[in-house]
Every structure is written in structure tokens, then in C-alpha cells.
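Me: Could you take a close look at one part of this protein for me, the largest nonpolar core? I would like to know which residues and helices build it, and then what else is worth seeing around it.

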Amino acid sequence: MKSAMVLDLVRAHANRSDTDFKKTLDEMIDHEIANGNLSLSVSLRKASIPKPGVQIHKMDPVFGEGFSEFISAPKYTFDDVVMSAETSEHIDTVLDEFSNRSKLLEHGLTPTSKILLYGPPGCGKTMVAHAIAERLGMLVCTLRFDTLISQFMGQTANNIGRLFDWARSRNVLLFIDEIDAIARLRDFDNDNGESKRIVVSLIQNIDNLGDDIVVVAATNMFGQIDSAVVRRFQDVIEMGLPDLGQRTKIIDKFIQKHSVVGHVDANSLALLSEGLNGSDLTNILTRMLKDAVMSGIELGSEGNPMFESYMKAKYGREYTKDDVYGELKILRNKGVKLKELHEMTSIPTSTLCVNLKGRCYGK
């Protein structure tokens, strides 16, 4: 690290110049990247990110001198992500290609570097993008169109171009979140061609990126994305709702991470959470644990039965009988036996049979 850069950084801090500070810091990071010190470059960027709750002056994302505020260190690793074996294998193949980029180039082949992730909200698309960046030793530059869309005609396309140019010279993974926002813009009848210019700008900027720049886009509404944009991505990967095994893994990871005390039946919770995405399941688990911690009663104990705790977390403390049997009907239709429902809820099997409207077959 050059001593002149350190002095410039100190001067910028002393003069309270955010612009000079960010400029010098970017130069230092670029210098370390050029010298192969990826770990130090990531550490420098991490050190510059304020802790939650710290008040900072935020640069105008449209007309500011740079886009440093879009940069962050990876927040997740693949240890944090739960996905299907098929999806995991798919992503591993992409990472292997990028890691062997030089070998592929020798044979006139280019590695996959443009990836589109699609699926319902809360299924881990953002986590995967950050995990890919962490694996490749890159920072994450998040592009959200709601921060780039300008009220001035023609300005949004310019902003996209400026951001791509800025990111191109840095060791970052470009993460395009909610890329379907562009397709939604095209639905407006009075857009005066602005949305078309945005789509064209995005396509042109993706095309102009080299294969050494990794782009990951995410969408909850795959069907609304312009087909010309989809074709720019070499790999399209589905991130679906977690199945029973994946939900069990999410619960197990949560228990281990938070050192949950008490008897927690991960299998029963996984059955109960049928149809939930990973984010909603984690939120419910968090509420269950918070309630147990604040009440001083261990989760899953006689004083805090797991089924009751789950229902409170999902529906609120005033959950109804209909809420209970709505959940149990889903499980019953999935083939869960009455005995298992009884063990889960402590409700007598005869009562279960009556309230589940005669679903007593296959006890």
C-alpha cells in the first residue's frame, strides 16, 4: 500500500471530505486488487461500511460523483444458503467455470459469468448472489432500479450506463435485484419511450461487459422480463420454495446458529411450515425464539409447547381454532397420521377426527 494514499486518506478524514475519502479509498482498494491482495481489498471495504444505526451522509445515487454506496462486502456464504441438490450442482458448475477461466480461454471458450436467478420471494436469490461473490473474493455492487430511475426523461438510461462504467473497473460482482422492474415499466402507456430506452441501455451495457465481470440478476416475476434481456444471461437458475428436507436444514441451521435451548422437533416444524419460503420460516423461528427468551420458558418445554409457539409466531397470540385446523388439514392431506398430529399438538385423536371432518382414514 502506497504511503501517499494513506496520507491522502488521513487528509480527507481531517478535512471531513466524504468525496475525497471515498475517492482515495477506492484507489487504495484498486491498488490492492491490482497487486493480487483480494483479501485486503475486501477487508478495506468491510472496514468502510458503517455499523447498523450509525448516521452517515448519503450521496445522491443519481447525480452523485460515484456509486460507492452501492458497494458492500458479501453478507452470506454458501454455509448460510439452503437449496436443492440440483440448484447447488448448477451453481457449482458455474463457479468451476469461472475458476478455470484461463483454461477455457485457451481453447476459445468463455466461462459463464451472467446468471439469472428466478423464483418466489424469500427463496435465497440475494443470499446466493452474495455467496457467489464471497467464493470468488469479490465485493457486491447492488443495482436497484428504484434508486436509478429518474424523474427527468432520458436520465435513467444514463445512470445505468454510468454505474456499469464505474463497476467495470472494480473487482465486484454486479447484482441486479428485481430486474423485472424494467418489464413492469414497459407496461405503462404514457412512458413516452423511456422504458424502452432503459431496456436498450441495460442490454447494451450487459453486452459491453467482459467475461471477467460476473453479473447475477434476480427476479420474482420471470414471465415479465423482456426476452431480449433474458437472452443476455448464459445461465437461468430456478430458486423454488424449500421442500421438506430443505426446511429441516433451515431449522437445524437456525437452532445451531442461535444455540436454541429446549426440545425443538425440527421434523415437526418442517412439516408445519409446508408452503413457506425460507425467509418467512426464519422469521417465524426468530419470533418463536424471542418469545421463549423474553418469557424465560424454554422453547418446546411443557410451558411453551412447540406447536402453540409456532401458531403464535405465525398468526399472532389471538390465533383461532380455524387457524389451527387449517394448518392440520394441510398436514393431513400430505399424509401425516392422526397419531403424529396428536403428538405434535396434544389434541386427542377423537377431537382431531371430528374437527378435520372425518379425515380418520389411514390412522
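Reply: Happy to; what follows starts with that core and then turns to a pocket and a sheet.

Please keep in mind that this is a predicted model. The largest nonpolar core has 35 residues. Those with the most contacts inside it are Ile251, Leu269, Met288, Tyr310, Leu328, Leu341 and Leu352. Six helices each supply at least two residues of this core: α12 (244-257), α13 (266-272), α14 (278-295), α15 (306-315), α16 (321-333) and α17 (338-345). The largest share, 6 residues, comes from α14.

For a view from inside, try Leu328. Leaving aside residues up to four places away in sequence, Leu328 touches Phe307, Leu341, Thr345, Ile347, Leu352 and Leu356. A second, separate core has 33 residues, including Ile203, Ile206, Leu209 and Ala228.

Two of the core's helices also turn up at a pocket. α12 and α14, along with α6 (125-136) and β5 (214-219), each supply at least two residues of the lining of the second largest pocket. That pocket has a volume of about 880 Å³, and 37 residues line it, with Gly124, Met127, Gly278, Ser279 and Thr282 the closest to its centre. The lining divides into 13 nonpolar, 15 polar and 9 charged residues.

From the pocket, β5 leads on to the sheet. Here 6 strands form an open, mixed sheet in the order β1-β3-β4-β5-β2-β6, with β1 (71-72) and β6 (235-238) as the edge strands. β5 pairs with β4 (residues 172-177) in the parallel sense over 4 bridges, and Val215 in β5 is the bridge partner of Leu174.

Key. Residues numbered from 1 in each chain as written. Predicted model: local features only at pLDDT ≥ 70, side-chain atom pairs only at ≥ 80, totals over all residues. Heavy atoms only, no water. Core = buried A, V, L, I, M, F, W, Y, C linked by side-chain atoms within 4.5 Å. Buried < 20%, exposed > 50% of the residue type's maximum accessible area, 1.4 Å probe, protein only. Contact = heavy atoms within 4.5 Å. 1 Å grid on protein atoms, 1.4 Å probe; cavity = no way out; pocket = protein on both sides within 12 Å on 5 of 7 lines; lining within 4 Å. Points joined across faces, edges and corners; volume = space filled by probe spheres on them. Nonpolar A, V, L, I, M, F, W, Y, C, P; charged D, E, K, R; others polar. Pairing = 2+ DSSP bridges.
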